[in-house]
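Me: I should like a close look at a single part of this model, namely its aromatic pairs and the packing around them. Please give one connected account.

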Amino acid sequence: MAHRPRTQLTAYEKRLQPWCIVRRLPDMRSIEVERFRCRGRAESYLNQLKRLLPRVDHLLIFDPGDLETVEQKQTLPTLEVDRASPIVG
């Protein structure tokens with residue numbers, strides 16, 4: 001399987017890798033550096049970044065992806081009932 005750039009990750013792939021290392025930039029901007037499934041691996045990678053780039057500000061965050069999409073898919077369709085017509089049984 002070919003490796004895709006970080007900008008092309010799908011919402012599903014982001015949910016599979018919720019631990020995210022971001023580089024903080026001036027003016028409240030940030031860049032996603034890497035995503036991980038396990039917090040321990042993300043922390044190890046973050047420690048390596050801090051040793052290699054001590055003057056650059058990196059953060060480890062938990063980003064579960066697009067939750068609105070997940071919630072929309074999990075909702076069940078509602079049954080509309082016409083209350084004006086009598087129920088005949």
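Reply: Phenylalanine 62 has a relative accessibility of 49%, so it counts as partly exposed, the cut-off for exposed being over 50%. This is a predicted model, and the values that follow are computed from it. Two aromatic pairs are present in the structure. One of them joins phenylalanine 62 to tryptophan 19 in an edge-to-face arrangement, with 4.9 Å from centre to centre and 70 degrees between the planes. Because tryptophan 19 belongs to strand 1 and phenylalanine 62 to strand 3 (residues 58-62), this pair ties together parts that lie 43 residues apart in sequence. Tryptophan 19, in contrast to its partner, is buried, at 18% relative accessible area.

The other pair is formed by phenylalanine 36 and tyrosine 45; their ring centres are 5.3 Å apart and their planes stand at 55 degrees, so this pair is tilted. Phenylalanine 36 is buried, with a relative accessible area of 14%, whereas tyrosine 45 is partly exposed at 29%.

The buried ring of each pair leads into the nonpolar interior. Tryptophan 19 and phenylalanine 36 both belong to the largest nonpolar core, which has six residues and is completed by Ile21, Ala42, Leu46 and Leu49. Two elements, strand 1 (19-25) and helix 2 (39-52), each give two or more residues to this core. Helix 2 supplies the largest share, three residues.

Helix 2 therefore merits description in its own right: its 14 residues should span 20 Å at 1.5 Å a residue, and the end C-alpha atoms are indeed 20 Å apart, in agreement with that expectation. Its buried residues are Ala42, Leu46 and Leu49. Viewed down the helix axis, these buried residues fall within an arc of 60 degrees, so they line one face of helix 2. The face turned away from that buried side carries the exposed residues Arg41, Arg51 and Leu52. On the inner side, the buried residues of helix 2 pack against strand 1, strand 2 (29-36) and strand 3. Leucine 46 illustrates this packing: leaving aside residues up to four places away in sequence, leucine 46 touches Ile21, His58, Leu59 and Leu60.

Glutamate 43 is also located in helix 2. Its relative accessibility of 32% makes glutamate 43 partly exposed. The C-alpha atoms of glutamate 43 and leucine 60 are separated by 7.3 Å, although these residues are 17 positions apart along the chain.

The strands against which helix 2 packs are themselves paired. Strand 1 and strand 2 run antiparallel and are joined by seven bridges. Three residues lie between the strands of this hairpin, where aspartate 27 adopts a positive phi near 65 degrees. Strand 1 also pairs with strand 3, again in the antiparallel sense, over five bridges. Isoleucine 21 takes part in both pairings: its bridge partner in strand 2 is glutamate 34, and its bridge partner in strand 3 is leucine 60. Isoleucine 21 and leucine 60 are thus bridge partners, and both are touched by leucine 46 of the helix.

Technical notes:
Residues numbered from 1 in each chain as written. Predicted model: local features only at pLDDT ≥ 70, side-chain atom pairs only at ≥ 80, totals over all residues. Heavy atoms only, no water. Core = buried A, V, L, I, M, F, W, Y, C linked by side-chain atoms within 4.5 Å. Buried < 20%, exposed > 50% of the residue type's maximum accessible area, 1.4 Å probe, protein only. Helix = DSSP H or I, 4+ residues; strand = E, 2+ residues; numbered from the N terminus. Contact = heavy atoms within 4.5 Å. Phe/Tyr/Trp six-rings, centres within 6.5 Å; stacked < 30°, edge-to-face > 60°. Expected span 1.5 Å × (residues − 1). Arc of directions from axis to C-beta. Pairing = 2+ DSSP bridges.
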